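Me: I'd like a close look at just one chain here, the first one. Could you go through how it is packed and then stop at the odd spots in its backbone?

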Amino acid sequence: MKKVVIIDDEPLARSIIMEFLREYPVEIVAECENGFEGYKAIKTLAPDLVFLDIQMPKLSGFEMIELLEDPPYIIFSTAFEEFAIKAFEANALDYLLKPYSQERFDKAMAKFLGIKTGDKPQTTVLAAVPLEDHLQRIAVTSGSQIRIIPVNQVYCLEAYDDYVKIHTADDTFLKKQTLSFFENALDPRSFCRVHRSFLLQLAQVSRIGQLGKESHQAQLRNGFTVPLSRSGYPKLKQVLGL
Amino acid sequence: MSQSPSPLHWRVQLYLTLLAGGLSILLLHWLILINLGAAPGAALTDSLASNLLLLGMCLLTAFATRYYSPARMSMLSFIPSAALLGACWVLLYLALLPMIHEEHFADIYVKRGLLPRFFMAFLVAWLFLLHNRGAAMMRRNEEHESRRSEVENLAVTAELNSIRQQLQPHFLFNTLNSVNALIETDPVKARVMLNQLSDFLRTSLKKDRPHQITVSEEMEHLGLYLELEKIRFGTRLQPIIELGDDCLDALLPSMLVQPLVENAIKFGLYDVLDTVSITIKGCMKGPFLELTVENPFDPETGSGLKGTGFGLSSVQRRMYLLFGRHDLVTTSAENGIFRVMIKIPQLT
């Protein structure tokens, strides 16, 4: 039997999905009311299909999927039509606009049931579209937990292969993302790309010093040092108004 | 249908009439003197000097009394001032005579005609002061009008925004989805919810809304809204309403508290994971109705004191326009609770 997880912060929205699933040969293995529980449920129960709301407290549906390494098939169930395109790009199975009828729901399920055994979900780990203008928070996984880091607590970001190391005052997290993504998503008034591999928060710079004959580095409030590239050094000085 | 020509702006009218009046007086003065036999040149000097002096004194008086507006203005109000001004002018002109005219001219045409000069100055001063008062009144009217239309605009915009907010996915479609869910599992509740939604929207979309409503009316409307949201969010939303008995008949501007509650829910419920209490308190504090809206927020990731876009700033602006004070709306954010307090003066 196929396993299904329902993730929506409104209990009635969850109950209607359960009601619509009544005639289907599926097992509802978990009902979650936010992205954190949803993440845990998906990691531990490995469902085949997930019904997912987008606007949820603290962690949006997109932010949650982004953290999954092996996402299952996803059917979005939301009142917002603005995210349909993003959902399409993420290769979601379907996008149900609340309120929807049993017939519309059945069309979505038909897509799921039509999947041949052996086909893998194509849900891509996509760049979580911030629901405001600039990224205000970054969701990372730490073990099986999700942590939300407010952007002002990020001292700097360091490129690391396919990942980005996010440095806070006394901890480091990894996120599968490119540094360029963060360069564009973060507020340029607060963050500056000073090196091919480094992005730092301007408020955390305590000193700029000389490293070698021609190179410079910036020291952050927690003692961490960030090398400045040849173009990064004047750029940083200009942004800081020096 | 004939179209009347658009009237010239009152300021233009003001300057034109002043100019016309001034020139007429200059001319009149000069012609009288010539008729009496004075030399045109000297007559001109006399006209210019004495009238410019008078104009100067009038302007000075007008400027000095710019902010003085006695409670009851009438046409007779300025007679004493005009008389005083006329008398002072005559004396001043007499004192300056040696600098302006030769003795011959001064003796015949000035010293002998002091009384007529006084009356003319009195008339001119009186007309000038009345004219000035008229201009001040028009200026004040204009200011009142623009303040009034700004209040109207803000109220209308607040209303429109609230309606838009309610018809947006966040509220309307999620609520309809909830009704949809209840239809099979709890049809009685579904019907109740549908009726509540309908009542709520009917009040929100009403065309002729009074500018002020009582606290009990506003709470009834808000109560419906909160009931609907409670059903949507299940146990996660716990609204708490505490109203003093003495404040139920107090008056407040319509559409004032609604946006604040909408924001409290938006920020409270999407910032915090577990149960969220939204508290609305109302009580009388002397001549003020004090209303408070509180919601929890996460100090780390939450918006904290970040206004609420349109909501908070428009409330502050409306309160200023209606009551002329900036201190009626205060916000505070401590211990994870964001609080907005509004003091509404009761004017009866």
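Reply: Of the 242 residues in chain A, 50% count as buried (under 20% relative accessible area; over 50% is exposed and anything in between is partly exposed, with a 1.4 Å probe and protein chains only). Keep in mind that this is a predicted model, in which local features need pLDDT of at least 70, side-chain atom pairs count only at pLDDT 80 or more, and totals for chains, interfaces and linings use all residues. Residues are numbered from 1 along each chain as its sequence is written, chains are lettered from A and ligands numbered from 1 in written order, and side-chain values use heavy atoms without hydrogens or water.

On the outside, chain A exposes about 11,800 Å² (Shrake-Rupley method, 1.4 Å probe; for residues, only the protein chains shown count as cover). Carbon and sulfur atoms supply 48% of that area.

As for what it's built from, chain A has seven helices and 15 strands (DSSP runs numbered from the N terminus: H or I of at least four residues for helices, E of at least two for strands). Take the contacts in chain A between residues at least 6 apart in sequence: 54% of them join residues at least 24 apart (contact means heavy atoms within 4.5 Å).

Now the odd spots. Most residues other than glycine have a negative phi, and most peptide bonds are trans. Three places in chain A deserve a stop on that account.

Start with A:Asn91, which sits in the loop between helix 4 (84–89) and strand 5 of chain A. Its phi is near 60 degrees, a positive value, and this residue isn't a glycine. A:Asn91 counts as partly exposed because its relative accessibility is 37%.

Follow the chain through strand 5 (94–97) and you come to the loop that leads to helix 5 (102–113) of chain A, where A:Pro99 is found. The peptide bond joining A:Lys98 and A:Pro99 is cis, with omega at about -10 degrees. So strand 5 of chain A has a loop with A:Asn91 before it and a loop with A:Pro99 after it.

Last comes A:Asp161, in the loop between strand 8 (156–160) and strand 9 (163–167) of chain A. Here again phi is near 60 degrees, positive in a residue other than glycine. A:Asp161 counts as exposed because its relative accessible area is 78%.
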